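The paragraphs below lead through a few local features of one structure, taking strands, an aromatic contact and a sheet in turn.

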Amino acid sequence: MATEFVDRVTLHVSAGDGGNGCTSVRREKFKPLGGPDGANGGTGGDVVLAVDEQTTTLLPYHRGPHRAAPNGGIGKGDLRHGQDGEDLVLPVPVGTVVKSPDGEVLADLVEPGTRFIAAQGGRGGLGNAALASPKRKAPGFALLGEPGESRDLVLEVKTVADVALVGFPSAGKSSLIAALSAARPKIADYPFTTLVPNLGVVQAGDVRYTVADVPGLIPGASEGKGLGLEFLRHVERCAALVHVIDMATWDPGRDPVGDLRTIEEELAAYAVDIGPGSGDLLPLSERPALVALNKVDVPDGHELADMVRGDLEAAGYRVFEVSAVSHTGLRELSFAMAGLVAAERERRESLEAEPVHTVIRPLAVDDSGFTVRAEDGPDGRLFRVLGEKPRRWVLQTDFSNDEAVGYLSDRLEKLGVEEELFRVGAVPGDTIVIGTDDAVVFDWDPTMVGGAELLGSRGTDLRLEDERRPSRKERKAAFHDRMDAKAEARAEMEAERVAEKAASRDEGR
């Protein structure tokens, strides 16, 4: 059974989430608080598209469009870091173009072995051991792992060939490629026999090149009629075109010159959609082109070719009379195609030889990395904080832990968010929103007490603040102080008991 050919799919990819950091305190004999030993979480796996020469179709992604990479492992105690998630590598055919849903070209995968990160895995959260500092010696919290990137991508396969055979259905393109090369495409005498591109390798002198036999064109193909764009997409990368014109058509409403003009109009109406780095491809109507008058071996075919040859040459074309059955003119046609391919390869080599100037645009010295803007929300005025760092910090924060919230407040204050809020006119009690999608909303209170303040001043831990061991004299003095306090308490209680007993005797009299 033949393999189904699919050259366009929509792929939904999700990278792995980063693992959460661990909150742990080392416990040993005689060391109930041996310091934090919570490890970091692992990084989530990436989703990677890799060009594979053995892959010829996007059929697996047509049947299974949802692909996800594994998550990173969570951190554990005793400084055991979480395992990184493995990258999910998806093989794609040579010539795959990766686009966003709105049509933006993200990658043009032509060379075998090229890799493109379709979705970035989330970074793992830091454990409390990594968050410890001289002032925060035993953090009671850890950072959460960042979620992996999720996105929708459109994959299109565009045939990588040097020469494309174009023409109406049943013009004999499949027969030509079978006669010129070792390719064996399906050949029949009905329109649209060829439904998928066929490639053949041709050797002409010292030049070896590939020829693409792709589905036939009809009027309106550039607008999607017939196989339309399904065909034209596979012509974009070709260096030269060969117009194959049928000299033995049975359609009374067609003639060779009219067929050529129709194909030229469709090529001119189609916009080449290739991303940067594709060799500065020209529009289809400006590509070098030849004309092959096919089927001259049939009755009246040779006479018809002689009649139209002059008009086609006057239009600037090199014309070849060929026959796939008798192999008439195939050698001359193959060498002419080799000349066009060699010229195009020299042109591309000259473009690659030109030095590429890399423009580096560093961030401005006063770039804070975030912006604050005032907006009108449904409940009144609000202030939105936008920036990569605040967005990531919010995702890393466990809002059920007061100390973690206090740590987030510290980070935002050091970044200058609080000062910027004052500058743009925010007052305590205003609504603050951090981020856009899945944003965090809270009422701003610059004097808010976080979890760290409950252990002392922000950034400290009073449990481990005093590290000096008392001397023997100090311990003895403390013992006598406790004994004296106990004696005083007993004497006070005895005095109260005697007083109560005397009062009861007086009442009995």
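The model is predicted. A good place to start is strand 5, which covers residues 96-99. In a regular strand, side chains alternate between the two faces of the sheet. In strand 5, Thr96 and Val98 point one way, while Val97 and Lys99 point the other way. All of these residues, Lys99 included, are buried.

Strands of a sheet pair through backbone hydrogen bonds, in either a parallel or an antiparallel sense. Strand 5 pairs with strand 8 (residues 150-157) through four bridges, and these two strands run antiparallel. Strand 5 is also joined to strand 6 (residues 105-109), again by four bridges and in the antiparallel sense. Val98 can be followed into both neighbours: its bridge partner in strand 8 is Leu155, and its bridge partner in strand 6 is Ala107. Strand 5 and strand 6 form a hairpin with five residues between the strands. In this hairpin, Gly103 takes a positive phi near 100°.

The next feature is a contact between aromatic rings. How many aromatic pairs does the model contain? The count comes to one. The pair is formed by Phe141 and Tyr407. A pair of aromatic rings is described by the distance of the centres and the angle of the planes. For Phe141 and Tyr407 the centres are 5.1 Å apart and the planes make an angle of 45°, so the pair counts as tilted, a class that lies between stacked, under 30 degrees, and edge-to-face, over 60. Phe141 lies in the loop between helix 2 (128-131) and strand 8, whereas Tyr407 belongs to helix 9 (residues 402-415). The pair therefore ties together parts that are 266 residues apart in sequence. Phe141 is buried, with a relative accessible area of 1%. Tyr407, at 18% relative accessibility, also counts as buried, because the cut-off for buried is under 20%.

The last feature is an open sheet of four strands, in the order 15-16-17-18 and with mixed pairing. Which strands stand at its edges? They are strand 15 (371-377) and strand 18 (440-443). Each has a single partner strand, so one side of each is left without a neighbour in the sheet. From one strand to the next, the twist averages 25°. Strand 15 is joined to strand 16 (residues 380-386) by seven bridges, and the two run antiparallel. Within this pairing, Asp376 has Arg381 in strand 16 as its bridge partner.

Note on methods
Residues are numbered from 1 along each chain as its sequence is written. This is a predicted model: local features need pLDDT of at least 70, side-chain atom pairs count only at pLDDT 80 or more; totals for chains, interfaces and linings use all residues. Side-chain values use heavy atoms; hydrogens and water are left out. Buried means under 20% relative accessible area, exposed over 50%, partly exposed in between (1.4 Å probe, protein chains only). Two strands pair if DSSP finds at least two bridges between them. Rings of Phe, Tyr and Trp (its six-membered ring) pair if their centres lie within 6.5 Å; planes under 30 degrees apart count as stacked, over 60 as edge-to-face and the rest as tilted. Axes are lines fitted to C-alpha atoms, for helices over the stretch in contact, and angles run from 0 to 180 degrees between N-to-C directions.
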